[in-house]
Amino acid sequence: MNITLDPQSKTPVYLQIKQAVVENIQQGKLALGARLPATRELAKELGVNRSTVTMAYDELIADGIVESFVGRGSFVARRHLMETLQGNLFGKMRGHNAPKKMAWEGMFSERADSIAIESLLDLYQVSTLRDVISFSGSFPDASSFPTREFRNSLHFAERALGDEVYRYGPAAGYERLREYLASRMASAGAEVTAEEILITSGSQQALDLIARALISPGDTVIIENPTYPGAMTAFTLAGARLVGVPVDEHGLRVEVVEQIVKLKRPKLIYVVPSFQNPTGSCLSWERRLQLLAVAQEHNIPIVEDDYGSHLRFEGDALPHLKTQDVTDHVIYVSNFSKSLLPGLRIGWCAAAKPVISRLTALKQNSDITTSPLLQSALWDFCRRKRYEVHLEKVRPIYRTRRDRVVKLLGEAFPDGTTWAVPQGGLFLWVKMPAALDTTELLYQSRQQGVVFSRGHLFYVDNPERNTLRLSYGHVSLEQIESGLRVIGSTAKAMLARSTSRTAEKFRTHTVPLV
Ligand code: PMP
C-alpha cells in the first residue's frame, strides 16, 4: 500500500490516510479481504500519531469499506464494497450524487427488442407453470424417462472414456455419436456420412445456426402457417421476411409454395413434414416429391424439421425428404428432445459438407461444443438399443392419451369444435367455434388451474383466434379428463355469454328488414 501525505494540504491528515486507503483499493493494490497494517505500525511508518491512523480506520469502518475483528486486525471488506465506495464515499468526498441504476431501457438491439422473442417466451412461460394442469409445451412423458438406464450410460461414458468426456470435444460433435446417427439415417434410406452430421444443442440451435448461415437481412423464408414459433424467431432474428403458406390435412400446401417461389425467390423453405407443429398433419408422399422438385428447379434449400417422426404410433411411416434428396437440397434437423430426454439438449443436423462446415464454425462461436459427457452417454445408450426399447414403451402411452383427448373433445367441448386426429406426436390442434377467442379462454381456464397453448402464437400472419394446441404427451389420463372438462365448460360458458350479448344487441338495435 502506498500512502503519501501532504503536510501543506487543507485536508486533515486522517482524511488523507482514509482517501489513500480507498485509492489503493480502487487501483487494486489492496485486494478485497486484504489485511491493513496495524495502526501502530502505520503510524510509525507515516510519522503520525497513532490516534490519527485510528480515526482514519474508524471512518473506513463506518463507511463499510473496512471490517475490524478484535484480536485479528482490520481487513478490506468483501461485501458491498463497490456500492459503498461508489455511493457513500464518492458522494461524500467528492461532492457527487450517488450513481443512478443502469437504465437498461433503450439499450437493447433491434433483434432483442423484436416481438418475435416475446412469443416464444410466452409459449415457454405458460408451459413451465407448475401449479396447473398444463396442455402447453410439447413435452414427453416424464414418468417414462429411462433414468436408470441413462445413468448406467453416464457411468459407462465416464469409466470407459476417462477424462476425454470432461474436455472440450470436437465442435462438430462426438465422433461415435455422429457415426451412429449416420448409420441410423442410412438404414432409413438417406445417404448421409458422419462428416455430414453436426451435433447441436437441441434442434433449436440447429435452426438458429441455419438461419445465421443462410439468411441475410431482407431474405424471404417460406414457412408453414401456422408453424413452430421457435423456427419463426430463429429466421426473423436473422433478418428474414417470413411468407406463411397454409397447411391442410396433408401438410404444407405445396402448390401455394410453387406460386410464391415464382414471385419472391425465397432463400429457403422450412417444413415440418411429420406431425407438423402445431396441426399434427403429415406431408403426403406426393407433396414431398413435389416440394423436392420445386426446390431442385429453383435451387432453394429445404430445412426439414423432423422433431417427431419416431413418435408415430399408428399408420404407415413416410420416408423423410432427406431419403429422396440425391441433389443435396435438404438440410435435415432432428433431436432427442421429444422422443427421449429434452434436458439432454442434443439434436443434430444432416446436410451437404459445405453446409455442415459453415454451421460447425458458427456453432463453435456460439457454444464451442455440445457436452461431450452427455453425447458419449447418449451414444452408449443408443448402441445398447435402449433408445428403440424406450420408443416401443412410450408410443402406446401417447396413443392412449391421444384417444382420451379425442374422447373428451367430443364429450366436453362446445358444438362446432373441430380437430384433426394425429397418428403420432405429442399434441393435437383444435378449432373452437369462431366466436371464441382462445386468449380469453386461456385466461379464464388459468383461473381454474388449467392451461394450454393459444393458437395465435403459432401464426406467421392472419391468426385464427379460435384455435388452440393441446399437448398430451406429458399429461396423465386423470389430468386429461379433469383438465379438458374445465376448458370445455369454460368455453361453453363464454359462448353462452357472447350469444346472450349478441341477442341483446339485436333487441336494442332494430334492424330494418330489407
Ligand atoms: N422443432 C420443432 C418443430 C419443435 O416443436 C421443437 C421444440 N418444441 C424444436 C424444433 C426444438 O427442439 P429442441 O428441444 O431439440 O431444441
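Let's start at the ligand, where the surrounding shell is made up of three nonpolar, seven polar and three charged residues. Keep in mind as you look around that this is a predicted model. In total, 13 residues surround the ligand, and the closest are Ser203, Asp305, Ser337, Lys338 and Arg345. If you're wondering which helix or strand to look at here, go for helix H9, residues 202–214, which gives the most to this shell, with three residues.

Now zoom in on some polar atoms. A polar side-chain atom of Ser337 sits 2.6 Å from an oxygen atom of the ligand. Asn335 also uses its side chain, with an N or O atom 2.8 Å from a ligand oxygen. With Gln204, look at the backbone instead: an N or O atom there lies 2.9 Å from an oxygen atom of the ligand. How much of the ligand does the protein bury? Taken alone, the ligand exposes 400 Å², and the protein buries 95% of that.

Next, pull back to the sheets. Strands in a sheet pair through backbone hydrogen bonds, and they can do it parallel or antiparallel. One open sheet here has eight strands, in the order E4-E11-E10-E9-E8-E5-E6-E7, and its pairing is mixed. Strand E4 (197–200) and strand E7 (251–252) are at the edges with a single partner strand each, so each has one side left without a neighbour in the sheet. For a parallel pair, look at E5 (residues 220–225) and E6 (residues 241–248), which are joined over six bridges. In this part of the sheet, Asn225 stands opposite Pro246 of E6. Helix H10, residues 229–237, packs on the sheet and touches E5, E6 and strand E8 (268–271). The direction of H10 makes about 165 degrees with that of E5.

There's another open sheet to find, this one with five strands in the order E3-E14-E15-E13-E12, again with mixed pairing. Its edges are strand E3 (133–135) and strand E12 (418–419); each has a single partner strand, so one side of each is left without a neighbour in the sheet. Inside this sheet, E13 (residues 427–431) and E15 (residues 467–471) pair in the antiparallel sense over five bridges. You can pick out one of those positions by finding Trp429, whose bridge partner in E15 is Arg469.

Helices pack here too. Helix H15, residues 386–412, lies across E12, E13 and E15 and runs at about 15 degrees to E13. Helix H16, residues 438–447, touches strand E14 (450–454) and E15, with its direction at about 160 degrees to that of E14.

Definitions and conventions:
Residues numbered from 1 in each chain as written. Predicted model: local features only at pLDDT ≥ 70, side-chain atom pairs only at ≥ 80, totals over all residues. Heavy atoms only, no water. Near = heavy atom within 4 Å. Polar contact = N/O pair within 3.5 Å; in protein donor to acceptor, adjacent residues only side chain to side chain. Areas by Shrake-Rupley, 256 points an atom, 1.4 Å probe, with all protein chains shown as cover. Helix = DSSP H or I, 4+ residues; strand = E, 2+ residues; numbered from the N terminus. Nonpolar A, V, L, I, M, F, W, Y, C, P; charged D, E, K, R; others polar. Pairing = 2+ DSSP bridges. Contact = heavy atoms within 4.5 Å. Axes fitted to C-alpha atoms, helices over the stretch in contact; angles between N-to-C directions.
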